[in-house]
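Colleague: I would like to learn how to read a few features in a model. Could you walk me through them, one at a time?

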Amino acid sequence: MHRKFIALVLSTAIAVTGVSVSQARAADAHDILGGLAAIAILGAAVHHYDKKKDRRRQQEHATRNQHNPYPTHDPHRRAKPLPTDVARYNLPSRCLREADGYRGHGPVLGARCLTRHYGHANSLPQQCKVSYWNGERTRNAYEPNCLRQFGYRVAYSN
């Protein structure tokens, strides 16, 4: 916008200067036409420059804001599951329990529950496996803090 305004002021100043000088010399129509031609050439150059700049802006806008062929929300489309190397570190939250007899009343991940609901239960680190007496019998479980140190986490579903 500023460039167009400056070009307008400049072309008007040149036109007025050319006309006033030509009138002061008592010039003929040939000089006046020459001044108008110079103004027209200057105006065409400014117009071409602005048009080229607008075209470049439109191309940049088009490449930055391309239409996403995959919609972000489709009610019939299900979320992709995590890759197996990532998902194997997500432990099911249904197996997390407060165990009576383990450190008083501490959290554990039940071994039988993990065997049933977690596909990689046999690859859990044995250092984290604990046995505790619950008052009736000995139970096997896994210590959540120990598993967390090996990269496992309890996955809570929404």
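Modeller: Gladly, and let us begin with a pair of facing residues: Val130 stands opposite Ala141 in β5. Keep in mind that this is a predicted model.

Colleague: How many bridges join β4 and β5, and in which sense do they pair?

Modeller: Two strands count as paired once there are at least two bridges between them. Here β4 and β5 (residues 138-142) have five bridges, and the pairing is antiparallel.

Colleague: What is the strand order of the open sheet?

Modeller: Reading across its four strands, you get β2-β3-β5-β4, with antiparallel pairing. The edges are taken by β2 (96-100) and β4 (129-133); each has a single partner strand, so one side of each has no neighbour in the sheet. On average, neighbouring strands here are turned by 50° against each other, ignoring direction.

Colleague: Thanks, that is clear. Now to aromatic rings: how many aromatic pairs does the structure hold?

Modeller: One. Rings are paired if their centres lie within 6.5 Å, and planes under 30 degrees apart would be stacked, over 60 edge-to-face, and the rest tilted. Tyr89 and Tyr152 form a tilted pair, at 5.0 Å centre to centre and with 50° between the planes.

Colleague: Why does this pair tie together parts that are apart in sequence?

Modeller: Look at where the two rings sit: Tyr89 is in the loop between α3 (84-87) and β1 (90-92), while Tyr152 is in the loop between α5 (144-149) and β6 (153-155), so the pair links parts 63 residues apart in sequence.

Colleague: And is Tyr152 buried or exposed?

Modeller: The cut-off for buried is under 20% relative accessible area, and exposed means over 50%. Tyr152 is buried, because its value is 6%. Tyr89 has 28%, so this residue counts as partly exposed.

Colleague: Let us turn to the surface. Which residues form a nonpolar patch there?

Modeller: Phe5, Ile6 and Val9 do, and together they have about 310 Å² of accessible area. To join such a patch, a residue needs over 30% relative accessible area. Val9 has 43%, so it counts as partly exposed. Val9 is part of helix α1 (residues 2-24).

Colleague: One last residue, if I may: where is Ile14 found?

Modeller: Ile14 is in helix α1, and its relative accessible area of 38% makes Ile14 partly exposed. For a contrast between sequence and space, take Ile14 and Ala38: they are 24 residues apart in sequence, and their C-alpha atoms are 8.8 Å apart.

Note on methods. Residues are numbered from 1 along each chain as its sequence is written. This is a predicted model: local features need pLDDT of at least 70, side-chain atom pairs count only at pLDDT 80 or more; totals for chains, interfaces and linings use all residues. Side-chain values use heavy atoms; hydrogens and water are left out. Patches are made of residues with over 30% relative accessible area and no salt bridge: like charges are joined within 9 Å, nonpolar side chains (Val, Leu, Ile, Met, Phe, Trp, Tyr) within 5 Å. Accessible areas come from the Shrake-Rupley method with a 1.4 Å probe; for residues, only the protein chains shown count as cover. A salt bridge is a side-chain nitrogen of Lys or Arg within 4 Å of a carboxyl oxygen of Asp or Glu. Helices (H or I, at least four residues) and strands (E, at least two) are DSSP runs, numbered from the N terminus. Buried means under 20% relative accessible area, exposed over 50%, partly exposed in between (1.4 Å probe, protein chains only). Rings of Phe, Tyr and Trp (its six-membered ring) pair if their centres lie within 6.5 Å; planes under 30 degrees apart count as stacked, over 60 as edge-to-face and the rest as tilted. Axes are lines fitted to C-alpha atoms, for helices over the stretch in contact, and angles run from 0 to 180 degrees between N-to-C directions.
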